[in-house]
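You asked for a second pair of eyes on this structure, and the remarks below are set out for someone meeting such a model early in their studies. Please keep the picture open while reading, so that each residue can be found as it is named.

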Amino acid sequence: MNKPYEPPFTARPSPTAATHEVLNQAAPATGFNAFEGDEALRGLVMKIAPWAAGKCSALGALAGDEALQDAARLANEFEPQLRTHDRFGQRIDWVEFHPAWHQLMAAAFGHEVHSLAWTTENGNGHFARAALSYLWNQVENGVGCPTGMAYAAVAGFTGKAPFEKWRRMTLAADYDPRRLPLEQKRAAVIGYAMTEKQGGSDLRQTQTTAEFAGSGADGDIYSITGHKWFCSVPVADGFYTLAQTRSGVSCLFVPRFRPDGSLNNFFIQRLKDKCGNRSNASSEIEYRDTWSMLVGEEGRGIREILSHAHLTRLDFAVGSAGLMRQALTLALNHAQTRTAFGKPMAELPMQCNVLADLAIDSEAAMLGALRVARAADGMETNEHERLLSRVATPAMKFWNCQRAPAFVYECVQAHGGNGFIMENPVARLYREAPLNSIWEGTSNMMCMDVLRAMDKDGRCRDALVEELRLHRGANAAYDRFTDDLAGRLALAYPHDGHARMLVTRIALALQAGEMLAHVTPDAAELFIESRLAGGGMHVFGALPDSQALPAIVRRAAVVRH
């Protein structure tokens, strides 16, 4: 029997527009000061460079500022756009950014994140600038590229009169995004274009060429032709680059404008579609008879650029530590303000162990990076610091950058599903975390540099051992570990197949020594027992039983509820 016809179902509007009630969501991580609320960082700055505390506090307030946090979101959501030509068909080679990017750049450069090491008349300037960089990397990481490049660029602006002008403009506590000749600007931004398709980190394989074009008021002038696979900050006012000259690979500086005021031949081919660091425009570029000035000596370009790279590697060790600190702040805030099974998540024993483990790892990363920055302060005046810096800088760059992705992954887990959506800043950090391991030398490159430094000058090894023995007697497990490490360092390594194992031990020993010197005994002991004494299991949340775990978690929180 056929059923009678029934019309299609038509949904009726709800009698009310009310939605469900939202419960048990974490409080926003805003309204805090990333310096004043960070007991470990504040205590270290007050001990080493108290004159910088006011600058750090002013910048630390930005990390907790809701408006600037939203600017960081916008700069990453609305990505840079390449404009190779204008509407009339003329080549312009420019990149358009969301206004939030310019807001962030102005904040970072205005707070001297790029310049303090070179402009202060106080001691420990590199340390103080590193503290600012650490704080800035808790605001927005893409801007950390141009600030770090400007910091390193100053190392090359020496000797010649034209470079004095570039140095002065680069160090200005200002930001001027206009595309104008240097004489018409308030401040300069500097970029780098080094690596090529065929060479990667092996800069000796540079195929770009430069022909000598004469000497004059700007020094030795060269005409460059070639392609660069990665160029940072392609809207910068000037760029360091490498090219083959008659004497070998040389370092050259390419202004965006020629001395006569015309645009230089600097062609942006495309922007890189990167996994993270989306706010920052990385690019491929081409030179075609491009006007440039020689930096340093002809044929000594790799040596020249390594003097810059030493500073950028320091900044990446610091930057990864800052990224980890931001991820920790977000994880702690989430776990302390969201409940599960009747209590705040941070009080659940397993989660408390994870958070405490993350907290001591973050603190160790910060202390290790800032110890390397202190070594940079003594490179010209203190033999121990100079020799230590040659080993400790690549070691700490290797370890902090290597550690960051696993660290941030654990912070995403602390958020659960809420952390795996791009609305949550911890998801952005997860995509960002691998980058610093790649920039300015991969993990393998850093480990090779550590071995090369000790092989070239045995005093570097001696300085490292001397540094570790400063803390001897404070912890028996530390003493055993560093004695064993000293024995390993005395061996001759026929190849670098064991380099990662050795450099990991070096980095952990340096961090442990700083923990013994600067943090609470409970935190230092737990770090050493879990990292040096064989008690760790290569997973966060495997700390030994300790009544101190909740206190470590509370101490690490910068957002107070």
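The numbered points below go through some helices, their contacts and a few single residues.

1. The model under review is a predicted one, and the remarks that follow should be read with that in mind.

2. Helix α14, residues 443-456, is a convenient place to begin. It has 14 residues and reaches 20 Å from its first C-alpha to its last, which is close to the 20 Å expected at 1.5 Å a residue. Its buried residues are S443, M446, C447, D449, V450, L451, A453 and M454, and among the elements that cover them are α9 (301-337), α11 (383-415) and α13 (435-438). The cover also includes α15 (458-469), α16 (476-489) and α17 (499-518). When tracing this pattern on the picture, it helps to recall that an α-helix has 3.6 residues a turn, so residues three or four places apart point the same way.

3. The next point concerns the way α14 meets α15. Two packed helices are described by the angle between their axes and the distance between the axes. The axes of α14 and α15 cross at roughly 110° and come within 4 Å, and the two helices are therefore roughly perpendicular to each other. On the α14 side the contact is made by A453, M454 and K456, while G458, C460 and R461 take part from α15. Sorted by class, the residues of this contact are three nonpolar, one polar and two charged. Two of the residues named here, A453 and M454, are also listed among the buried residues of α14.

4. Helix α15 also packs against α17, at an angle of about 35° and with the axes 9 Å apart. The crossing of this pair is left-handed. From α15 the residues L464, E467 and L468 take part, and they meet I506, A509, L510 and E514 in α17. The contact has five nonpolar residues, no polar ones and two charged ones.

5. Which residues does L485 touch, once those up to four places away in sequence are set aside? They are L468, L502, R505, I506 and A509. L485 itself is placed in helix α16, and with 0% relative accessibility it counts as buried. L485 and L502 are 17 residues apart along the chain, and their C-alpha atoms are separated by 8.1 Å. A reader may notice that L468, I506 and A509 are named in the contact of α15 with α17 as well, so that this point and the one before it can be followed together on the picture.

6. A further helix pair is formed by α10 (residues 349-377) and α19 (residues 549-556), which pack at an angle of about 55° with their axes 8 Å apart. That angle makes α10 oblique to α19. The crossing of the two is left-handed. In α10 the residues involved are C352, N353, L355, A356, A359, I360 and E363, and they meet L549, P550, I552, V553, R555 and A556 in α19. These residues divide into 10 nonpolar, one polar and two charged.

7. Helix α7, residues 144-153, is mostly covered, since 10 of its 10 residues are buried. Among these buried residues are G144, C145, P146, T147 and G148, and the list also includes M149 and Y151.

8. Two residues deserve a look for their backbone angles. N277 has a phi near 55°, which is a positive value in a residue other than glycine, and D289 likewise has a positive value, with phi near 50°. Is each of them buried or exposed? N277, in the loop between β8 (266-271) and β9 (283-295), is buried, with a relative accessible area of 1%. D289, which lies in strand β9, is exposed, with a relative accessible area of 54%.

9. The last point is about T195, which lies in the loop between β3 (190-193) and β4 (209-216). At 22% relative accessibility T195 counts as partly exposed, a class that begins where the buried one, under 20%, ends. Leaving aside neighbours within four places in sequence, T195 is in contact with G200, L203, K228, W229 and F230. As for L104, it is 91 residues from T195 in sequence, and the two are 27 Å apart in space, C-alpha to C-alpha.

Key
Residues are numbered from 1 along each chain as its sequence is written. This is a predicted model: local features need pLDDT of at least 70, side-chain atom pairs count only at pLDDT 80 or more; totals for chains, interfaces and linings use all residues. Side-chain values use heavy atoms; hydrogens and water are left out. Axes are lines fitted to C-alpha atoms, for helices over the stretch in contact, and angles run from 0 to 180 degrees between N-to-C directions. Angles under 35 degrees count as roughly parallel, over 145 as roughly antiparallel, 65 to 115 as roughly perpendicular and the rest as oblique. A crossing is left-handed if the near helix is turned anticlockwise from the far one by less than a right angle, and right-handed if clockwise. Contact means heavy atoms within 4.5 Å. Ala, Val, Leu, Ile, Met, Phe, Trp, Tyr, Cys and Pro count as nonpolar, Asp, Glu, Lys and Arg as charged, and the others, Gly among them, as polar. The expected span of a helix is 1.5 Å times one less than its number of residues. Buried means under 20% relative accessible area, exposed over 50%, partly exposed in between (1.4 Å probe, protein chains only).
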